[in-house]
Amino acid sequence: MDSPTSLILAALGSIIVLLYLVMKLRLHAFVALLVVSGLVGLFTGMGVDQLLDTVEKGMGGTLGFVATVVGLGAMFGKMLEVSGGVDRLASTLLDKFGEDRSQWAMGVTGFLVAIPVFLDVAFIILVPLIYALTRRTGRSLLYYGIPLLAGLAVTHSFIPPTPGPIAVAKLIGADLGYVILFGAICGLPAMIIAGPLFGRWIAKRIDAQIPEYMELPKNDIDTSGLPSFKLILSIILLPLALIVLNTVSGFILPEDSPVLAALTFLGHPFVALTLATLLAFTLLGTRRGMTREQVMEVATKALEPAGIIILVTGAGGVFKQVLIDSGVGEVMGNIMAESALPPILLAFLISAAVRVIQGSATVAMITAAGLMAPVITTLNLDGPVLGLLVISIASGATVLSHVNDSGFWLVNRYFGLTEAQTLRSWTVMETIIGLTGLVMALIIGFFI
């Protein structure tokens, strides 16, 4: 069954079935993606042996990279969390910015912390600080909470080594250096608009106070035994700097340069994140009194949430590979390539549609990346354009978070909001981030 019409039906049907399995039957995304991939392969006439080879190729080709990077990033982030590094960053930035500019301090804190730490974990760690500021000033929780959430959400969506952009970059073949570079360029304006600016506006309209059912934490963070701010900042920025230098050096240095060879090695995500993780183990772990067994326990614990993300991403790689090997991808790629929409906007719309329908940003990003991969091949897109496509897909997967997204309820409960207030605050903030990211990506796209 290889007529263009049947292949298009297979593509559309695969998305409908995927959404049904995830939303209606509440099947885990990992299993749902594998089931849909198998159905697409059989429907399009792939032999059983060919289908199984495709599944193995898609899973292995994706996880060889993603599992390593996400696993290292998770251990790195966990060490930052248990050592008190997150508290140190927040308290130092608040001291530097002062109470009058505390919104900006919370936005920058969120932006930096979410590079190695998962969004929900970072939010829960820093919520006591939001409560303390609210008690001290009497302002709405949203005055400080929205900037923090904006910083966390921007980095979580746009900047590796967080799992979302890592997964999309692998699925469409984007260079992580470009993703980090464009993620920062697009993310900072998004954080500013959705964070301090929108936070100040919405706090005047929703007076959210600490809910009675939340245990009141201590007013201030005890910083006496925490690692230094410079140390924490250096460890966080080290892998990002090495990866970006690897990307940029190829345009500046001659091919036979020993400096280029060194930067290429050190700037590979595997090496850069391994170095950062080893530094975290040593400087935040054993040098601060932890035994090697305790460090190993922290690292092992960090891999529990990472394992789920890794498996879902691998299943997304299977879905992409089945679409390509079955011929569905080529047909869909040709149709999308003939669209009047620029690829950056097209990627955003696909990702946003899946996000709104089923809620999971991860599933939205992986689905959009799988569908865009054939378009990339058809249009021969490469280099910095692929980095912008990652940002576009991430932006689409950020907009319009509502009641089918776990993040919606996390904010709803910790800030004691009604569902309507959460839509007016959290949902609007997420949408501002996504739209700003898209606009910035389109603007940059005009110049490259």
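**Ser83 and three helix pairs in a predicted model**

Let me begin with a serine: the side chain of Ser83 reaches the backbone nitrogen of Gly85 at 3.4 Å, and I should say at once that the model we are looking at is a predicted one. The Ser83 side chain also reaches the backbone oxygen of Met79, here at 2.9 Å. As for where this residue sits, Ser83 belongs to the loop between α3 and α4, the latter covering 85–97. Is Ser83 buried or exposed? Its relative accessibility is 10%, and since the cut-off for buried is under 20%, Ser83 counts as buried. If we leave aside the neighbours within four places in sequence, the residues in contact with Ser83 are Leu226, Pro227, Leu284 and Arg288.

From that loop I would like to step back into helix α3 itself, which spans residues 48–82, and look at two of its packing arrangements.

Take α8 as the partner to begin with, residues 163–172: the two helices pack at an angle of about 155 degrees, and their axes are 10 Å apart. Angles over 145 degrees count as roughly antiparallel, and α3 and α8 are therefore described as roughly antiparallel to each other. In passing α8, α3 makes a right-handed crossing. Which residues of the two helices meet? On the α3 side they are Gly61, Thr62, Phe65, Val66, Val69 and Val70, and on the α8 side Pro163, Ile166, Ala167, Lys170 and Leu171. Sorted by class, the residues of this contact of α3 with α8 comprise eight nonpolar, two polar and one charged.

The other partner of α3 that I want to show is helix α13, residues 292–325, where the axes come within 6 Å and cross at roughly 150 degrees. That angle makes α3 roughly antiparallel to α13. The residues in the contact of α3 with α13 divide into 21 nonpolar, nine polar and four charged. Here too we can state the handedness, and α3 passes α13 in a right-handed crossing.

Now for a pair with another orientation, please turn to helix α5, residues 102–113, and helix α7, residues 141–158, which pack at an angle of about 25 degrees with their axes 7 Å apart. Because angles under 35 degrees count as roughly parallel, α5 is roughly parallel to α7. The crossing of α5 and α7 is right-handed. From α5, the residues taking part are Ser102, Gln103, Met106, Gly107, Gly110 and Phe111, and they meet Tyr143, Tyr144, Pro147, Leu148, Gly151, Leu152, Val154 and Thr155 in α7. By class, this contact of α5 with α7 holds eight nonpolar and six polar residues, with no charged residues.

My last item concerns backbone geometry, and it brings together a loop and a helix further along the chain. Leu400, which is not a glycine, nevertheless has a positive phi of about 55 degrees. This residue is found in the loop between α17 (384–396) and α18 (406–414), and with a relative accessible area of 40% Leu400 is partly exposed. What does Thr431 touch, once its neighbours within four places in sequence are left aside? Thr431 is in contact with Val399 and with Leu400. Although Thr431 and Leu400 are 31 residues apart along the chain, their C-alpha atoms are separated by 5.3 Å. Thr431 itself lies in helix α19, residues 419–445, and at 16% relative accessibility Thr431 counts as buried, whereas Leu400 is partly exposed.

Methods: Residues numbered from 1 in each chain as written. Predicted model: local features only at pLDDT ≥ 70, side-chain atom pairs only at ≥ 80, totals over all residues. Heavy atoms only, no water. Axes fitted to C-alpha atoms, helices over the stretch in contact; angles between N-to-C directions. Helix = DSSP H or I, 4+ residues; strand = E, 2+ residues; numbered from the N terminus. Parallel < 35°, antiparallel > 145°, perpendicular 65-115°, else oblique. Left-handed = near helix turned anticlockwise from the far one by under 90°. Contact = heavy atoms within 4.5 Å. Nonpolar A, V, L, I, M, F, W, Y, C, P; charged D, E, K, R; others polar. Buried < 20%, exposed > 50% of the residue type's maximum accessible area, 1.4 Å probe, protein only. Polar contact = N/O pair within 3.5 Å; in protein donor to acceptor, adjacent residues only side chain to side chain.
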